[in-house]
Structure formats: C-alpha cells, structure tokens
Amino acid sequence: VQLQASGGGLVQAGGSLRLSCAASGRTFSRYVMGWFRQGPGKEREFVASISQSGGTTYYADSVKGRFTCSRDNAKNTVFLQMNSLKPEDTATYYCAAGLSMYNSAAAYGYWGQGTLVTVSS
C-alpha cells in the first residue's frame, strides 16, 4: 500500500489542523493505521492509531483529548484532527499502515512521506 499524507501547515497556538492520509490499493481496510511525528532534533514518536474498522483508537498521552483519529474505508483515507495545538506539537507527521495497534514504529511496514506542522507561539 502507498500512503500520501497532506494537510500540514503553519498555525498559531490554540488553532486546529486536519491531516489526511490517502492510501492506494484495495486493501486499505485490512490495515491498522497509525500516525507518528518527529520534531526537530527528536526521535520519531507515536501519536495515534486506529483499528481496521475504526472502532478502536489509541493516543499518546501528550495528545489525548486534543487529537482525534478517524478513517473512511470507502475513500481509503485516514484523518488526524488536531485541536488546541501547542508549539511542542511542531513536527513532521507521518501516517503508517500495519497489522497491529502497537505504538512502536517497528509494527508498521508502510509509511507516507510526511507533512510538516508548525505551531507558532
């Protein structure tokens, strides 16, 4: 599966952005989808994941209550709605596809190219 993330940009603290990740192929609904991010000088970290049906989601503690992950299997797309953004959310955000909902990047075999989110204070 090929993944294309979009929706990043520059936003002020407290603002919102919605990231999208479009997948190619007809097997999208087989995959758990995850979002990861990598800030300047930081390790890549888990942000959120969503089950194949969309019925189960997991979030990093740092984004819980502010970010919402959803998917539309009919459109082969996964979303990350980001509200109440903080400067520490500044990072390149990556979508990924895998077969389990672990929060480790190693559990995901397919990655998009990343989209940059910059939150100004």
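A contact here means heavy atoms within 4.5 Å. With that in hand, the views below walk through a predicted model.

**View 1. Long-range contacts in the protein chain.** Among contacts with a separation of 6 or more, 56% join residues 24 or more positions apart. As for burial, 45% of the 121 residues in the chain are buried.

**View 2. A chain of strands.** Welcome to the fold: the protein chain has 11 strands and 0 helices. Read from the N terminus on, its elements run β-β-β-β-β-β-β-β-β-β-β.

**View 3. Overall dimensions of the protein chain.** The C-alpha atoms fill a box of roughly 40 × 25 × 25 Å along the principal axes. The radius of gyration is 13 Å, which agrees with a compact globule, because a globule of 121 residues would have a value near 14 Å.

**View 4. Surface and charge.** The accessible surface comes to about 6,100 Å², and carbon and sulfur atoms account for 47% of that area. For those thinking about electrostatics, the chain carries 11 positive and 6 negative side chains. The centres of these two sets lie 9 Å apart.

**View 5. A close look at N76.** Here we zoom in on N76, which sits in the loop between β7 (67-72) and β8 (77-82). Is N76 buried or exposed? The relative accessible area of N76 is 18%, so N76 is buried, the cut-off being under 20%.

**View 6. The neighbours of N76.** Leaving aside residues up to four places away in sequence, N76 touches C21, A22, A23, S24, G25 and F28.

Conventions: Residues are numbered from 1 along each chain as its sequence is written. This is a predicted model: local features need pLDDT of at least 70, side-chain atom pairs count only at pLDDT 80 or more; totals for chains, interfaces and linings use all residues. Side-chain values use heavy atoms; hydrogens and water are left out. Helices (H or I, at least four residues) and strands (E, at least two) are DSSP runs, numbered from the N terminus. The radius of gyration is taken over C-alpha atoms; the globule rule is 2.2 Å times the number of residues to the power 0.38. Buried means under 20% relative accessible area, exposed over 50%, partly exposed in between (1.4 Å probe, protein chains only). Accessible areas come from the Shrake-Rupley method with a 1.4 Å probe; for residues, only the protein chains shown count as cover. Lys and Arg count as positive and Asp and Glu as negative; His and the chain ends are not counted. The place of a charge is taken as NZ of Lys, CZ of Arg, CG of Asp or CD of Glu.
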